[in-house]
Amino acid sequence: MEEIQNANQKPMSVKDWLVTLLIMAIPLVGFIMLFVYAFGNNENVNKQNWAKAQLIVLAIVIGLMIVFISVFGAIFASAMAGSQNY
């Protein structure tokens with residue numbers, strides 16, 4: 001158990017990061033793997049923290065997109081409703 005713990009504490013190599021980033025580039029697989037990396041028990045601590053940070057950033061971006069689409073959608077709908085009088 002201690003040997004696994006130490007292996008998960010080691011810094012990731014460039015090869016490990018390249019493989020991780022290539023997996024993240026696959027659209028649906030990358031999203032699913034973020035959860036696997038973030039909450040998996042046998043993952044490197046560096047990869048876990050990175051995946052958790054990516055998920056937080058993704059949640060913030062999606063939240064901001066929803067707010068902006070709602071605001072600009074309301075503005076657009078209001079402009080279209082007002083243009084029917086002309």
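Select Lys 47 to begin: at 13% relative accessibility, Lys 47 counts as buried, where buried means under 20% relative accessible area, exposed means over 50% and partly exposed lies in between, computed with a 1.4 Å probe on protein chains only. The model is predicted, so local features need pLDDT of at least 70 and side-chain atom pairs count only at pLDDT 80 or more, whereas totals for chains, interfaces and linings use all residues. Residues are numbered from 1 along each chain as its sequence is written, and side-chain values use heavy atoms, with hydrogens and water left out.

**Around Lys 47**

Lys 47 is found in helix 4; helices here are DSSP runs of H or I with at least four residues, strands are runs of E with at least two, and both are numbered from the N terminus. Show the surroundings of Lys 47 and, residues up to four places away in sequence not counted, Met 12, Thr 20 and Tyr 37 are the ones that Lys 47 touches, contact meaning heavy atoms within 4.5 Å.

Which residue does the side chain of Lys 47 meet in a salt bridge? The partner is Glu 43, at 3.8 Å from N to O, and a salt bridge is defined as a side-chain nitrogen of Lys or Arg within 4 Å of a carboxyl oxygen of Asp or Glu. A search of the whole structure finds 1 salt bridge.

**Glu 43 and the loop**

Move next to Glu 43, which lies in the loop between helix 3 and helix 4. With neighbours within four places in sequence left aside, Glu 43 is in contact with Asn 8, Val 36, Tyr 37 and Gln 48. Add Ala 7 to the selection: its C-alpha atom and that of Glu 43 are separated by 9.2 Å, although the two residues are 36 residues apart along the chain.

**Thr 20 and helix 2**

Now select Thr 20, which is found in helix 2 and is buried, with a relative accessible area of 1%. Apart from residues up to four places away in sequence, Thr 20 touches Met 12, Tyr 37, Lys 47 and Trp 50.

Widen the selection to helix 2 (residues 14-24) and helix 4 (residues 45-82), whose axes come within 12 Å and cross at roughly 30°. Axes are lines fitted to C-alpha atoms, for helices over the stretch in contact, and the angles run from 0 to 180 degrees between N-to-C directions. The crossing makes helix 2 roughly parallel to helix 4, given that angles under 35 degrees count as roughly parallel, over 145 as roughly antiparallel, 65 to 115 as roughly perpendicular and the rest as oblique. Helix 2 passes helix 4 in a right-handed crossing; a crossing is left-handed if the near helix is turned anticlockwise from the far one by less than a right angle, and right-handed if clockwise.

To display this contact, pick Trp 17, Thr 20, Leu 21 and Met 24 in helix 2, which meet Asn 46, Lys 47 and Trp 50 in helix 4. By class, this contact has 4 nonpolar, 2 polar and 1 charged residues, with Ala, Val, Leu, Ile, Met, Phe, Trp, Tyr, Cys and Pro counted as nonpolar, Asp, Glu, Lys and Arg as charged, and the others, Gly among them, as polar.

**Helix 2 against helix 3**

Keep helix 2 and add helix 3 (residues 27-39): the two axes come within 7 Å and cross at roughly 130°, and the two helices are therefore oblique to each other. Thr 20, Ile 23 and Met 24 in helix 2 meet Val 29, Gly 30, Met 33, Leu 34 and Tyr 37 in helix 3, a contact with 6 nonpolar, 2 polar and no charged residues.

**Helix 3 against helix 4**

Turn to helix 3 and helix 4, whose axes come within 7 Å and cross at roughly 130°, which makes helix 3 oblique to helix 4. Helix 3 passes helix 4 in a left-handed crossing. Residues making the contact include Phe 31, Leu 34 and Phe 35 of helix 3 and Ala 51, Gln 54 and Leu 58 of helix 4, and the residues of this contact divide into 10 nonpolar, 2 polar and 2 charged.

Is Phe 39 buried or exposed? At 56% relative accessibility, Phe 39 counts as exposed; leaving aside neighbours within four places in sequence, Phe 39 is in contact with Lys 52 and Leu 55.

**The whole chain**

Finally, zoom out to the chain, which has 4 helices and 0 strands and in which buried residues make up 16% of the 86 residues.
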